[in-house]
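Welcome, and thanks for taking a look at this chain. Below is a short tour that goes from overall dimensions to a few charged pairs and one aromatic side chain.

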Amino acid sequence: PVLAKPKPAAPSTAVTPMTPDVFDSYDKVRPDADFVRRVIMVPMRDGTKLYTVIVFKKGTKDGPILLSRTPYDAKSTMARSASQTIKEVLPAMYDPFVDDGYIIVTQDIRGIHNSEGVYVMNRPLSGALNDTGIDESTDAYDAIDWLSKNIPESNGKVGIIGSSYLGFTSLLAEINPHPALKAAVPQSPMVDGWKGDDWFHNGAFRVNSLSYALGQSTGKADAGADIPDGVGDDYNRYLEAGSTGDYARKWGIDQVPFVRKLMENPAYTTFWSGQAVDKWMAAAPLKVPTMLVVGQWDQEDSYGAPAVYKVMEPKDTNNDMVSLVIGPWRHSGVNHYGYDLGALTFTGDTAHEFRVKYMKPFFDHYLKGAPDPKTPPVLTYATGANHWNESPKWPMGTLTPLYIGENFTASFTKPATDGHDNYVSDPSKPVPFIPRPISMADSSQWKPWLVHDQRFVSDRPDVLTYTSTALDKPVHIMGAPVVDLYAATSGTDSDWVVKIIDVYPNESPEGAAQGSKPGMAGFELPIGIEIFRGRYVHGFDTPQALTPGKIEQYKFELPNVDHVFLPGHKLMIQVQSSLFPLYDRNPQTYVDNIFNAKPADYKAATESIYRTPTAASAVWLPIVKE
Ligand code: PG9
């Protein structure tokens, strides 16, 4: 006889005074949720398990997987609110994807937040700097292997996306990629932390790296805030401490392993060149269709995306595998709203527009078999004129020198006579990078700083300002302007900061004053700001003392831009020797390691900027003939 199966016992509902009150089932208690959420510890090849959150709309079938690998806490990233509605729970950039059956996955990279293993900042690829056999490319491979086989609701195809550190992990997934990885959108990837991304720019140290390294060093979501590292106006606290090393020692931050790595590697040695991602990408075959994205005013990682594009693009023989996008955004602005930036306003939500018109169709094609959207090889937003441009290549402009001239003029005519201008750079009064009081941790100051009106420094005696006459026709630039500065110092080391600025007319049709809002009259909009540490003029790995009074040629790129200087506007070049406290002060006396400069090393120096026929300082603008 067939026996009836015994009924499972009904779960007890009785509680007693001693029923444990720590409840571990919140993930399951969402009776009206429109989504499914799974948390899995996904095993890597060495047995380490990585915390992985999977979220998709109920009813999803055959869904492609959109993966991000993060050091910033997968748990909180995927739980923006306590809602039962998927769009309230996930970051807003996922909205169009979840509506279309995508499965959203975020994973903590190894060793941080809820993942097992050991965290190493921007873990180097296996090789000279990493002998563990494990890196972000193997972890991405193992994660994709597991995800593509173990989510019954998926179609097994994976796309990877993410900005900044997550842009770095997206690129690493493309090295020896898993066959299920079908498309990648690395956004503002951290690529070379010495040349132009987070830690240094052309050798000048970015002081806010200390707080970042401190926060990450705890391995937890919020512990960084518990570690004291000073309060008040950043300008004062860093100035009063002395060198950056003295500041770090004052707060014990010099013990943090990554801070030690920074302070022990001030020059571009193999420590840095060995972990430059553009070099890794240059060596890797091009296998995954890639859309590289960066903000035109990316205050953290402006270098990475164009640098990687430069090495990947030559391998793209049909010009259909790799594309570059430059939008009118701050760092990671592509994933947020893009109506405005600082005082600038655009024609609508440029970030949403890009995501819906270009980025999602790109993923749809490779992950869902949707028709080829014919992604343009290069997509840029022409600020100033405010429209998108689709281009066949990058850069589009032809480098054309905008010279500095006598009487603080700027023009396309090379100087015919000798001349130079002097200023005194005094490390005890460095030029602030934004108006004081400064808090680099305050995102309202930090995010838009690259578009801050430069009038707050234009009249300082240690800032040289060269201005053109009003333009009678537009000047459109598409590419990276190149600084070509001929300069001498009375010291033995010096920093050189150069800016290209769009000066709005005093009666500005693009933004009249409204009520108490000043509008754009006379606005000095930085189109590019960059710094170069003088000791590296003869090689990033060979710092040398400068010879007092000797003219050196300093050549370096400003960030890549698409910008139209409109008729009536003026072109402006500014030169100065500090951007404090974002960049540490150059003592202007050559010392082996600036992190350890002593108070007596900091000396005022007279800086001379040359404008002669043979030493014609200029910013070469990538001008497009319209
Ligand atoms: N710019 C940040 C970062 C990336 C990589 C290393 C350190 C910092 C970020 O936004 O993730």
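A residue is called buried here when its relative accessible area is under 20%, exposed when that area is over 50%, and partly exposed in between. With that cut-off, 59% of the 626 residues of the chain count as buried. Please keep in mind that this is a predicted model.

**Overall build**

Let's start with the whole chain. It holds 15 helices and 27 strands. Its radius of gyration is 26 Å, which agrees with the value near 25 Å that a compact globule of 626 residues would have. Along the principal axes, the C-alpha atoms fill a box of roughly 110 × 55 × 55 Å.

How much of the contact count comes from residues 24 or more positions apart? Among contacts with a separation of 6 or more, such residues account for 75%. The accessible surface comes to about 25,600 Å², and carbon and sulfur atoms own 55% of that area. As for charge, there are 58 positive and 73 negative ones, and the mean positions of these two sets are 4 Å apart.

**Salt bridges**

The count of salt bridges in the model comes to 26. Here are three of them, each with its closest nitrogen-to-oxygen distance.

| Pair | N to O distance |
|---|---|
| Asp99 and Lys57 | 3.0 Å |
| Arg249 and Asp246 | 3.2 Å |
| Asp584 and Arg533 | 2.7 Å |

The side chains of Asp99 and Lys57 meet in a salt bridge. This pair links distant parts of the chain, since Asp99 sits in helix H3 (residues 95-99) and Lys57 in strand E2 (residues 49-57), 42 residues apart. Asp99 counts as partly exposed because its relative accessibility is 44%. Lys57, with a relative accessible area of 26%, is partly exposed too.

Arg249 and Asp246 tell a more local story: they are three residues apart in helix H8 (residues 244-251), which means that about one helical turn separates them. What are their accessibilities? Arg249 has 37% and so counts as partly exposed, while Asp246 is partly exposed at 25%.

For the third pair, Asp584 forms a salt bridge with Arg533. Asp584 lies in the loop between strand E25 (570-576) and strand E26 (605-610), whereas Arg533 belongs to strand E22 (residues 524-533), so the pair ties together parts that are 51 residues apart in sequence. Are these two partners buried or exposed? Both Asp584 and Arg533 are buried. Elsewhere, salt bridges with shared partners join Asp100, Lys360, Asp364 and Lys368 into one network.

**A closer look at Trp446**

Our last stop is Trp446, which is found in helix H14 (residues 443-446). Its relative accessibility is 8%, so Trp446 counts as buried. Which residues is Trp446 in contact with, leaving aside its neighbours within four places in sequence? They are Arg206, Asn208, Gln299, Glu300, Phe433, Met440 and Leu582. As a separate reference distance, the C-alpha atoms of Trp446 and Ser83 are 30 Å apart in space, with their positions 363 residues apart in sequence.

Conventions
Residues numbered from 1 in each chain as written. Predicted model: local features only at pLDDT ≥ 70, side-chain atom pairs only at ≥ 80, totals over all residues. Heavy atoms only, no water. Helix = DSSP H or I, 4+ residues; strand = E, 2+ residues; numbered from the N terminus. Rg over C-alpha atoms; globule rule 2.2 N^0.38 Å. Buried < 20%, exposed > 50% of the residue type's maximum accessible area, 1.4 Å probe, protein only. Contact = heavy atoms within 4.5 Å. Areas by Shrake-Rupley, 256 points an atom, 1.4 Å probe, with all protein chains shown as cover. Lys, Arg positive; Asp, Glu negative; His and termini not counted. Charge placed at Lys NZ, Arg CZ, Asp CG, Glu CD. Salt bridge = Lys/Arg side-chain N within 4 Å of Asp/Glu carboxyl O.
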